Amino acid sequence: MKIVFLEPLGLTVEAIDKACENLKKQGHEVVIYPDRRPEMNIERAAGADVVVESNMPLRKDFLDACPNLKMLSIAFTGLDHIDMDECKRRGITVMNAAGYSTEAVAEETICMMIGLYRHVIENDRITRSCKGPSMAPGREIAGKTVGIIGMGAIGQRTAALAQAFGCKVIAWNRTPKQVQGVTFVDKETLLKESDIVALHIALNNETRNFLTAQDFKMMKSSAIIVNAARGPVVNTNDLAEALKNGIIAGAALDVYDGEPPLSNDNPILTAPNTLLLPHIGFSTEEAFKERLKIVVKNVERFI
């Protein structure tokens with residue numbers, strides 16, 4: 001089989017080549033591209049039986065141009081950038097890299113909570129300007145109620161970390177689970193009681209716009225939202241308005257309706273009390289090494 005890595009997945013070509021030694025010994029051709037060039041995906045995937053990539057959208061036009069394609073090994077957790085209906089219709093197997101970034105995203109979630117509470121970005125700017133006092137006193141997450149929406153592996157790890165910081169943790173999940181130290185509640189109760197709402201749900205037709213204006217109105221005026229899941233689970237326009245009108249106190253986001261760079265007219269850019277990161281929750285050295293192991297193993301399992 002011809003196996004094509006459309007990108008180096010944040011690692012070196014040499015690292016990927018080494019991880020594919022068994023595949024090459026079995027006689028499979030492995031092609032690794034050293035950079036990320038979405039506009040060249042179709043050209044690069046020509047003749048491929050297996051394609052490996054992370055979060056570049058692969059839609060019908062790509063699938064039409066790859067008649068030999070039998071498997072997609074996606075180096076990402078979510079699959080909303082893949083045309084899953086077309087893959088199913090064509091009999092193309094799609095496997096994700098579940099679990100590779102659990103620790104990375106959970107740690108980033110806690111980081112964003114603290115960063116927003118302690119005005120880290122603003123105080124950094126003040127210090128670098130060599131003038132002006134610090135921001136108003138920050139807040140501590142210890143003793144706060146953290147409401148986690150979505151209790152998969154990342155949500156559960158975030159819960160454990162939040163408890164280590166002295167937080168009370170409540171959660172909503174489509175199917176209630178038994179998680180140590182976590183009380184499961186309905187969505188309305190979670191929104192009303194939480195000081196911090198952290199999102200860790202997948203994006204699908206049911207979760208798109210999971211939080212809108214009416215949901216923000218249920219929350220405490222002192223509450224903040226942390227989204228390290230998928231951008232569209234929160235209605236961006238409604239969130240920006242809620243922040244501008246003081247309905248909630250702040251938001252820390254690592255995900256948006258599209259991948260950064262954001263459009264200049266995105267309303268979240270001018271909303272107050274925000275901490276905005278360029279979708280880096282999954283981006284750690286440890287996570288990249290782990291996901292390489294997973295995507296190669298998935299290819300081996302498929303073959």
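Which residue in E4 is the bridge partner of Val-50? Keep this question in mind while you tour the model, which is a predicted one.

Begin by selecting residues 50-53, which make up strand E3, together with residues 71-74, which make up strand E4; these two strands run parallel, and four bridges join them. Within this pair you can find the reply to the opening question, since Val-50 has Met-71 as its bridge partner in E4.

Next, widen the selection to the whole sheet around them, an open sheet of five strands in the order E2-E1-E3-E4-E5, where the pairing is parallel. At its edges you will find strand E2 (29-32) and strand E5 (93-95), each of which pairs on one side only, and from one strand to the next the twist averages 15°. Now add residues 285-302, which form helix H12, and you will see this helix lying across strand E1 (2-5), E3, E4 and E5, while running at about 160° to E4.

Then move to the other sheet, which is open as well and is formed by seven strands in the order E8-E7-E6-E9-E10-E11-E12, with parallel pairing. Strand E8 (182-184) and strand E12 (274-276) each have a single partner strand, so one side of each is left without a neighbour in the sheet. On average, and ignoring direction, neighbouring strands here are turned by 20° against each other.

For a closer look, select strand E6 (residues 145-149) and strand E7 (residues 168-172), which run parallel and are joined by five bridges; one of the pairings to find is that of Gly-147 with Ile-170 in E7. Finish with helix H11 (residues 236-244), which packs on this sheet and touches strand E10 (224-227), strand E11 (250-253) and E12, its direction making about 140° with that of E11.

Conventions. Residues numbered from 1 in each chain as written. Predicted model: local features only at pLDDT ≥ 70, side-chain atom pairs only at ≥ 80, totals over all residues. Heavy atoms only, no water. Pairing = 2+ DSSP bridges. Axes fitted to C-alpha atoms, helices over the stretch in contact; angles between N-to-C directions. Contact = heavy atoms within 4.5 Å.
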